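Q: Got a minute to go through this one with me? Pull it up and let's chat.

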Amino acid sequence: MSTVPLSAYLTVALILFCIGLYGALSKRNTIIVLISIELMLNAVNINLIAFSKYGFQPNITGQIFALFVIAIAAAEVAVGIAILIALYRNRQTVNVDEMDTMKN
């Protein structure tokens, strides 16, 4: 059994989620927003794994959910970067405030 208590994992996850939420809501750079969303997803992964280990009946269900979240996050980043590159080619900026229309 690990000597790290569940509350330590939850605290780290809370801090990561708050940093990610602050970055996603306050920054204008699209790359920073994508990185902030990844931080929030990693906080969720920490919680899933911690609860799967310290839960009522410890099993690997949380770890399997974490793998799904990692796969979905990788797909999200690939699509997000592709959209960002296309927008950058058209407008020469990665500022979120300047990407407010869908038409050219």
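What follows is a short back-and-forth about a few spots in this model.

Q: What kind of model is this, and how are the residues numbered?
A: It's a predicted model, where local features need pLDDT of at least 70, side-chain atom pairs count only at pLDDT 80 or more, and totals for chains, interfaces and linings use all residues. Residues are numbered from 1 along each chain as its sequence is written, and side-chain values use heavy atoms, with hydrogens and water left out.

Q: Cool. Where does Glu38 sit?
A: In helix H2, residues 30-54. Helices here are DSSP runs of H or I, at least four residues, numbered from the N terminus.

Q: And is Glu38 buried or exposed?
A: Buried, meaning under 20% relative accessible area with a 1.4 Å probe, protein chains only.

Q: How far is the nearest side chain of opposite charge?
A: That's Lys27, 18 Å away, and Glu38 has no salt bridge. A salt bridge would take a Lys or Arg side-chain nitrogen within 4 Å of an Asp or Glu carboxyl oxygen; Lys and Arg count as positive, Asp and Glu as negative, with His and the chain ends not counted.

Q: So what does Glu38 touch?
A: Leaving aside neighbours within four places in sequence, Ala73, Glu76 and Val77. Contact means heavy atoms within 4.5 Å.

Q: Which residues of H3 are buried?
A: Gly62, Ala66, Val69, Ala73, Gly80 and Leu84. H2 is among what covers them.

Q: New topic: what's up with phi at Gln92?
A: Gln92 has a positive phi of about 60° although it is not a glycine, and it comes just after H3. Most residues other than glycine have a negative phi.

Q: Why does Gln92 count as exposed?
A: Because its relative accessibility is 53%, and exposed means over 50%.

Technical notes. Helices (H or I, at least four residues) and strands (E, at least two) are DSSP runs, numbered from the N terminus.
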